[in-house]
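Work through these exercises with the sequence and the model side by side. Try each task before reading its solution.

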Amino acid sequence: MFRTALVFAVTCSALSFGCGADRNASEDTQEIIDNLVQAGFPADDIMVVDGIVYTGRDGAVSLAASREMLEVDTSAGPDEQYRTTNLVSRTLTTICVNGAAFTGKFSTALNAAITNYNNLGLTFQMRRTSGSTTGCGATITARVSSGTGGSSGFPSGGRPFNTINIGSGLQSATFGTNTVTHVITHELGHCVGMRHSDFFNRSISCGGAATNEGSGGVGAILIPGTPSGATVGGSVMNSCFRTVETGRFTSTDVTALTTLY
Ligand SMILES: [Zn+2]
């Protein structure tokens with residue numbers, strides 16, 4: 001009974017990644033949406049693009065993963081940082097980011113986000129391109145999407161996810177360059193295997209009812225050495241962002257990334 005209302009009632013929130021709407025919902029898509037609602041995801045946290053369902057965790061949600069979310073997972077630790085099962089191969093040294101679609105504030109923020117990663121001395125360097133793949137071990141393409149958030153996905157086959165979508169709503173003057181840098185850094189974080197730091201209770205950063213994203217079909221593995229304490233503003237990988245974000249990694253983000261890579 002939620003189905004039509006849900007798909008048509010989707011609204012965008014500045015506090016939530018991954019909003020937008022599409023009316024081409026298949027039966028599987030509808031079950032995924034129903035499962036997400038039952039799992040506690042707010043309606044404005046769910047979007048459907050080209051038949052693929054995204055949530056605030058801004059990775060695509062499979063039917064199996066949505067069913068898994070209905071299972072209560074109490075094994076996840078209290079509040080550290082988490083990665084997906086799959087990671088980028090440590091032998092992959094250059095991840096190119098095709099920023100040809102980004103201009104103005106988005107372009108500036110993309111450069112700053114790439115610098116965030118490159119300042120950490122990880123096993124990979126990110127290199128901005130305009131489409132050339134010369135010297136690239138893998139390429140992530142930056143796109144402008146609808147909404148006021150972002151979406152991306154998780155690694156597979158030792159390679160990062162190949163796309164980040166950044167909502168055009170962030171072009172509003174409401175959002176400073178630092179906030180956009182935060183969102184881009186966050187989405188790139190998913191591409192290299194970072195889960196939400198508060199995945200086990202999204203209300204920490206998003207407010208509202210406590211919602212556990214579960215393993216999401218991609219795993220939620222504690223990163224050794226990450227300090228406890230998921231807090232508002234405590235990680236660039238929190239589920240929801242604020243307009244006052246700095247656009248920089250926190251100390252726990254640095255620990256997480258330098259431990260993985
Ligand atoms: Zn996210």
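**Exercise 1. Find the largest nonpolar core of this predicted model and say which elements build it.**

Solution.
- Step 1: count. The largest nonpolar core holds 43 residues.
- Step 2: look for its best-connected members. V97, L110, I184 and L188 have the most contacts inside this core.
- Step 3: assign elements. At least two core residues each come from β4 (94-98), α4 (104-118), β6 (138-145), β8 (163-167), α5 (177-191) and α7 (251-260).
- Step 4: rank. The most comes from α4, which gives 6 residues.
- Step 5: zoom in on I184. Beyond neighbours within four places in sequence, I184 contacts A109, L110, A113, I164 and I166.

**Exercise 2. Compare the length of α4 with the expected span, then locate its buried residues.**

Solution.
- Step 1: work out the expected span. α4 has 15 residues, so at 1.5 Å a residue it should span 21 Å.
- Step 2: check the model. The end C-alpha atoms of α4 are 21 Å apart, which agrees.
- Step 3: list the buried residues. In α4 they are F106, A109, L110, A113, I114, N116 and Y117.
- Step 4: look down the axis. The buried residues of α4 fall within an arc of 145°, so they line one face of the helix.
- Step 5: recall helix geometry. An α-helix has 3.6 residues a turn, so residues three or four places apart point the same way.
- Step 6: find the cover. The elements over the buried residues of α4 include β4, β5 (125-129), β6, β8 and α5.

**Exercise 3. Which residues of α7 are buried, and where do they sit around the helix axis?**

Solution.
- Step 1: pick them out. T252, D253, A256 and L257 are the buried residues of α7.
- Step 2: view α7 end-on. Its buried residues fall within an arc of 130°, so they line one face of the helix.

**Exercise 4. Is V218 buried or exposed, and which residues does it contact?**

Solution.
- Step 1: place the residue. V218 is in the loop between α6 (203-206) and β9 (221-222).
- Step 2: apply the cut-off. A residue is buried if 20 or more other C-beta atoms lie within 10 Å of its own. V218 has 25, so V218 is buried.
- Step 3: list contacts. Setting aside neighbours within four places in sequence, V218 contacts G59, T84, T85 and F154.
- Step 4: take one partner. T84 is 134 residues from V218 in sequence, yet their C-alpha atoms are 5.4 Å apart.

**Exercise 5. What share of the protein chain is buried?**

Solution.
- Step 1: read the total. Of the 261 residues, 48% are buried.
- Step 2: add the elements. The chain has 7 helices and 9 strands.

Terms used: Residues numbered from 1 in each chain as written. Predicted model: local features only at pLDDT ≥ 70, side-chain atom pairs only at ≥ 80, totals over all residues. Core = buried A, V, L, I, M, F, W, Y, C linked by C-beta atoms within 7 Å. Buried ≥ 20, exposed ≤ 12 C-beta atoms within 10 Å, placed from the backbone. Helix = DSSP H or I, 4+ residues; strand = E, 2+ residues; numbered from the N terminus. Contact = placed C-beta atoms within 7 Å. Arc of directions from axis to C-beta. Expected span 1.5 Å × (residues − 1).
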